[in-house]
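Subject: Handover of a structure and notes on its contents

Dear colleague,

Please find the structure below, followed by my notes on what was found in it. I would be grateful if you could read the two side by side.

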Amino acid sequence: MNRKNLYQYLFHFLFLSILFSLTAWVILKDQDFNEIMNVLRSVPVSFIFLGFLIMIVVTLLEATITKHLFSTIKINVSLWDCIAYTVIGYFFCYITPSASGGQPMQLYYMKKKHIPIHKGSMVLMLISVQHKLILVLVGLYLVTMDFGDFIHMFPEIRLYIYIGLAANILSVTIFALFIFVPDTAIFLVRGIYGALTKIHLMKDKESRRKNMEELILNYRDTSTYLHDHKASILITTLISSIQRCGVFFVTYIVYRSFGLTEYGPFHITFYQSIVNLSSDLMPLPGAVGIHERVFFLLFRPVFGTSQLCLSGMLLSRGITYYLMLVFCGVITVIAHFIYTLPEKKAQK
């Protein structure tokens, strides 16, 4: 990682800290902070540990998917490396807008292990599409049932749902276009690139042209891969579904930690999937602010009181985002030194 990129990510982290502070102030300024803290102190530590354990299992499942996909293209990658790539991806997704920094940094460290960029990109793209597809299915289910219980929902939440659904459908559609009709997509990319260079909105650089050709090769490889490995895609998509549900299920663990039993696991997990759909791809690090806002509006009737809902939000978000941010940050720093140590020795 060069110094420019390091400064960029430090800026993202600083921006995230400021955003978190502002969000906390807006959420808690009209609430009884002492009462919220009393509620949080009453939560048994075992529930917090269980929630964090689920997040560790979620991480291991994604690492397993990564290893399996690499093995199908004859690239031998250890499970420990796959865990490192997954954790690194999570960390940089957490601190960059729209989770845009995860894949570039994963590819950077994959390159340290001599994994071809276009092969690594293909695997990461497949995992990304699987994640987004699950959110798209949640959104389509909501639209199909005409929002059911959500008919009296706050218009604000419905707006976020439509934005999140549209963004994810667009993302999956673009991926599908490149994967299933690569020649058409490649023609469009080259045409757009040529038009932008002609009107001088983009410089025609050799490095940029090389990156575009690598991208084209990646999509062609992905198209061929899907045709030849349908069973692997089905298996990993099912595992990815379980993985995503695991993240959403943490909120149910939090709900039960307060001694609440009125709503079942499906109800809470489904509500949390709506929160994630609504805040996904928002141009803020970790969707901080939007995620908390939608959570409070949606879960306020579920938890019963504002204090319980805010306590649930802090605990759920604390486990799935902030605790994981710290955990992944520590592992990322360790992984960085491990991956760059041979490079430094070689220079000596």
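Is Glu 156 buried, partly exposed or exposed? Glu 156 counts as partly exposed, at 26% relative accessibility; buried means under 20% relative accessible area, exposed over 50%, and partly exposed in between, with a 1.4 Å probe and protein chains only.

Before the remaining findings, a word on the source. This is a predicted model, in which local features need pLDDT of at least 70 and side-chain atom pairs count only at pLDDT 80 or more, while totals for chains, interfaces and linings use all residues. Residues are numbered from 1 along each chain as its sequence is written, and side-chain values use heavy atoms, with hydrogens and water left out.

Overall fold

The protein chain contains 13 helices and 0 strands; helices (H or I, at least four residues) and strands (E, at least two) are DSSP runs, numbered from the N terminus. Of the 348 residues in the chain, 47% are buried. Among contacts with a separation of 6 or more, 73% are between residues 24 or more positions apart, a contact being heavy atoms within 4.5 Å.

Links between distant parts of the sequence

Glu 156 belongs to helix H7 (residues 155-180). Leaving aside residues up to four places away in sequence, Glu 156 touches Arg 293 and Leu 297. Glu 156 and Arg 293 are 137 residues apart along the chain, and their C-alpha atoms are separated by 9.8 Å. Another such link involves Phe 270, in helix H11 (residues 265-279). Phe 270 is buried, at 13% relative accessibility. From C-alpha to C-alpha, Phe 270 and Val 138 are 8.2 Å apart, although their positions lie 132 residues apart in the sequence numbering.

Helix H4 and Thr 86

Helix H4 (residues 79-95) has 17 residues and spans 25 Å from its first C-alpha to its last, close to the 24 Å expected at 1.5 Å a residue; the expected span is 1.5 Å times one less than the number of residues. Since 14 of its 17 residues are buried, H4 is largely enclosed by the rest of the structure. Thr 86 is located in H4 and is buried, at 1% relative accessibility. Not counting residues up to four places away in sequence, Thr 86 touches Thr 59, Glu 62, Ala 63, Thr 66 and Gln 106.

Nonpolar core and aromatic residues

The largest nonpolar core has 76 residues; such a core is a set of buried Ala, Val, Leu, Ile, Met, Phe, Trp, Tyr and Cys residues joined through side-chain atoms within 4.5 Å. Phe 70, Tyr 94, Phe 258, Phe 299 and Phe 303 have the most contacts inside this core. Helix H13 (residues 306-347) gives the most to the core, with 12 residues.

The whole structure holds 18 aromatic pairs. Rings of Phe, Tyr and Trp (its six-membered ring) pair if their centres lie within 6.5 Å; planes under 30 degrees apart count as stacked, over 60 as edge-to-face and the rest as tilted. Tyr 108 and Tyr 109 form an edge-to-face pair, with 4.9 Å centre to centre and 85 degrees between the planes. Of these two, Tyr 108 is partly exposed at 24%, whereas Tyr 109 is buried at 1%. One aromatic cluster is formed by Phe 249, Tyr 252, Tyr 255, Phe 258, Tyr 263, Tyr 271, Phe 295, Phe 299 and Phe 303. In addition, Arg 317 lies over the face of Tyr 321, 4.4 Å from the ring centre; this requires NZ of Lys or CZ of Arg within 6 Å of the ring centre and within 35 degrees of the ring normal.

Two loop residues

Lys 74 is in the loop between helix H3 (45-72) and H4, and His 114 is in the loop between helix H5 (102-112) and helix H6 (117-144). Lys 74 has a positive phi of about 65 degrees although it is not a glycine, and His 114 likewise has a positive phi of about 65 degrees without being a glycine. Lys 74 is exposed, with a relative accessible area of 76%, and His 114 is exposed at 72%.

Cysteines

The structure holds 0 disulfides, a disulfide being a pair of cysteine sulfur atoms within 2.5 Å. The sulfur of Cys 328 is too far from other cysteines for a bond, because the closest cysteine sulfur, in Cys 93, is 10.0 Å away. Cys 328 is buried at 0% relative accessible area, whereas Cys 245 is partly exposed at 39%.

With kind regards
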